[in-house]
Amino acid sequence: PSSKGADPTQFTELGIGSHGSGSTVPLEVDQKLSNLKYTIGLARTDEKDSGDSQFFINLNDNPGFDYDYCVFGRITKGSEIVSKLAIGDVIRHFQVYEAGKK
């Protein structure tokens with residue numbers, strides 16, 4: 001919410017992207033869920049159980065993140081757009097599907 005209406009060049013100055021909601025979740029990892037290209041992971045601080053409201057999209061395979069970052073989703077449509085995202089872009093629509101259901 002803090003970024004709404006803010007100039008992307010001021011994100012660092014305003015602290016946007018440097019904090020979350022204040023409610024953290026424990027780290028959950030699974031051998032079957034690797035940080036592969038177009039998977040979505042939960043961002044965190046140096047503390048393993050500090051995941052909050054920020055996430056990242058793997059633009060490449062990142063096996064070094066396995067067991068350190070929770071993978072909780074993947075891009076199934078529109079992957080050609082993901083690599084074009086830039087700071088300040090607005091995501092106006094996305095859909096979440098339960099695994100195996102569309």
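Author: Two strands count as paired once DSSP finds at least two bridges between them. Keep that in mind for this predicted model: its open sheet has three strands in the order 2-1-3, paired antiparallel. Strand 2 and strand 3 are the edges, since each pairs on one side only. Neighbouring strands are turned by 30 degrees against each other on average, direction ignored.

Reader: How do you know that strand 1 and strand 3 are joined?

Author: Count the bridges. There are three between these antiparallel strands, and the cut-off is at least two, so they pair. One of the partnerships is T39 with R74 in strand 3.

Reader: What makes the contact of D68 and K48 a salt bridge?

Author: Their side chains come to 2.7 Å, N to O, and the limit is 4 Å, so the pair qualifies. The structure holds one salt bridge. D68 sits in the loop between strand 2 and strand 3 (71-74), K48 in the loop between strand 1 and strand 2, so the pair ties together parts 20 residues apart in sequence.

Reader: Why is D68 called partly exposed?

Author: Its relative accessibility is 25%. Buried would need under 20% and exposed over 50%, so D68 falls in between. K48, at 40%, gets the label partly exposed too.

Reader: And why has R44 no salt bridge?

Author: R44 is in the loop between strand 1 (39-42) and strand 2 (55-57), and it's buried. The nearest side chain of opposite charge, D68, is 4.1 Å away; the limit is 4 Å, so that pair doesn't count. The R44 side chain does reach the backbone oxygen of D68, at 2.6 Å.

Methods:
Residues numbered from 1 in each chain as written. Predicted model: local features only at pLDDT ≥ 70, side-chain atom pairs only at ≥ 80, totals over all residues. Heavy atoms only, no water. Helix = DSSP H or I, 4+ residues; strand = E, 2+ residues; numbered from the N terminus. Buried < 20%, exposed > 50% of the residue type's maximum accessible area, 1.4 Å probe, protein only. Lys, Arg positive; Asp, Glu negative; His and termini not counted. Polar contact = N/O pair within 3.5 Å; in protein donor to acceptor, adjacent residues only side chain to side chain. Axes fitted to C-alpha atoms, helices over the stretch in contact; angles between N-to-C directions.
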